[in-house]
Amino acid sequence: MAEAPPTVLTVAGFDPSSGAGITADIKTIAMHGCYGVAAITAMTVQSTLAVRRTVPIDPKLLRDTLDELLRVGKVSAVHIGMLGNGGVVSEVAGFLERTQLPNVVLDPVLRSSSGAELLDPGGLEFLTRSLLPLADVLTPNVDEAACLTGLEVGNPDQMKLAAGRLHEMGS
């Protein structure tokens, strides 16, 4: 009997254009031979041109979804993307603390490529203080690394400095 593929949980926003978020994650997970399960953190009104609106999900609904997904089977890895607000960040951090799931990848999505804010200030503070230390791997882009560390990040030396600061912060 063939062994089941590893299950990867993605926790992110819903992008109806499938350029990012849950739908893009599920496609990527499948391309790597894994089985993807998902918990949506926010709904967005967007296209390939711009994000028009974001609505974070009720944190209790997110908690119930995450808990239910774990009842079904083993999760081999977790990918965290857009979170939207502090209540959602708090639920995700609490979930990771309770479950101690392995292989947590945090992509700290702070704004869209078109410039829309995707995490409120309270969420950013909680992400930095509580969620970042729970991640095994952190994948910020240059702007996200600058925002998280408060450092200018524009050249390789600055990138190394920011990486060191992120490591000191718990990542």
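**Figure 1. Val88 and its surroundings in helix H3.** In this predicted model, Val88 touches Thr41, Pro56, Ile57, Pro59, Leu62 and Leu83, leaving out residues up to four places away in sequence. Val88 itself is found in helix H3, which spans residues 86-99. With a relative accessible area of 0%, Val88 is buried. Leu49 makes a useful landmark here: Val88 and Leu49 are 39 residues apart in sequence, and their C-alpha atoms are 26 Å apart in space.

**Figure 2. The six-stranded open sheet.** Let us step back to the sheet as a whole. Its six strands follow the order S3-S2-S1-S4-S5-S6, the sheet is open, and the pairing is mixed. At the edges stand strand S3 (51-56) and strand S6 (137-138). Each of these two has a single partner strand, so one side of each is left without a neighbour in the sheet. S3 pairs with S2 through five bridges, and these two strands run antiparallel. For a place to look along this pair, find Gln46, which stands opposite Val51 in S3.

**Figure 3. Strand S1 and its two partners.** Strand S1 covers residues 7-14, and seven of its eight residues are buried, so the strand is largely enclosed by the rest of the structure. S1 pairs with strand S2 (residues 35-46) in the parallel sense, over seven bridges. Within this pairing, Leu9 has Val37 of S2 as its bridge partner. To get from S1 to S2 the chain passes through helix H1 (residues 21-31), and this β-α-β crossover is right-handed. S1 is also joined to strand S4 (residues 77-80), this time by four bridges, and the two run parallel. Here Val11 finds its bridge partner in Ile80 of S4.

**Figure 4. Thr10, a buried residue of S1.** What does Thr10 touch, once its neighbours within four places in sequence are left aside? Thr10 is in contact with Ile22, Asp25, Ile26, Ile29, Val37, Ala38, Ala39 and His79. The residue is found in strand S1, and its relative accessible area of 0% makes it buried. Across the pairing with S4, Thr10 stands opposite His79.

**Figure 5. Strand S4, covered on both faces.** In a regular strand, side chains alternate between the two faces of the sheet. In S4, Ala77 and His79 lie on one side and Val78 and Ile80 on the other; all of them are buried, and both faces of the strand are covered. S4 is joined to strand S5 (residues 104-106) by three bridges, with the two strands running parallel. The bridge partner of His79 in S5 is Val105. Between S4 and S5 the chain travels through H3, in a β-α-β crossover that is right-handed.

**Figure 6. Two positive phi angles between H3 and S5.** Look next at the loop between H3 and S5, where Gln100 lies. Gln100 has a positive phi of about 55° although it is not a glycine. At 61% relative accessibility, this residue counts as exposed. Asn103 lies in the loop between H3 and S5 as well. Its phi is positive too, at about 55°, and Asn103 is not a glycine either. How accessible is Asn103? With a relative accessible area of 45%, Asn103 is partly exposed.

**Figure 7. Asp120 beside Gly84.** Asp120 lies in the loop between S5 and helix H4 (121-131). Although Asp120 and Gly84 are 36 residues apart along the chain, their C-alpha atoms are separated by 6.4 Å. Leaving aside neighbours within four places in sequence, Asp120 is in contact with Gly84, Asn85 and Gly86. Asp120 is partly exposed, with a relative accessible area of 30%.

**Figure 8. Helices H5 and H6 crossing.** Two packed helices are described by the angle between their axes and the distance between the axes. For helix H5 (residues 142-149) and helix H6 (residues 156-168), the axes come within 10 Å and cross at roughly 50°. That angle makes H5 oblique to H6. The crossing of the two helices is left-handed. On the H5 side the contact is made by Val142, Ala145, Leu148 and Thr149, and on the H6 side by Met159, Ala162, Arg165 and Leu166.

Note on methods:
Residues numbered from 1 in each chain as written. Predicted model: local features only at pLDDT ≥ 70, side-chain atom pairs only at ≥ 80, totals over all residues. Heavy atoms only, no water. Buried < 20%, exposed > 50% of the residue type's maximum accessible area, 1.4 Å probe, protein only. Pairing = 2+ DSSP bridges. Right-handed = clockwise from strand over helix to strand, strands pointing away. Axes fitted to C-alpha atoms, helices over the stretch in contact; angles between N-to-C directions. Parallel < 35°, antiparallel > 145°, perpendicular 65-115°, else oblique. Left-handed = near helix turned anticlockwise from the far one by under 90°. Contact = heavy atoms within 4.5 Å.
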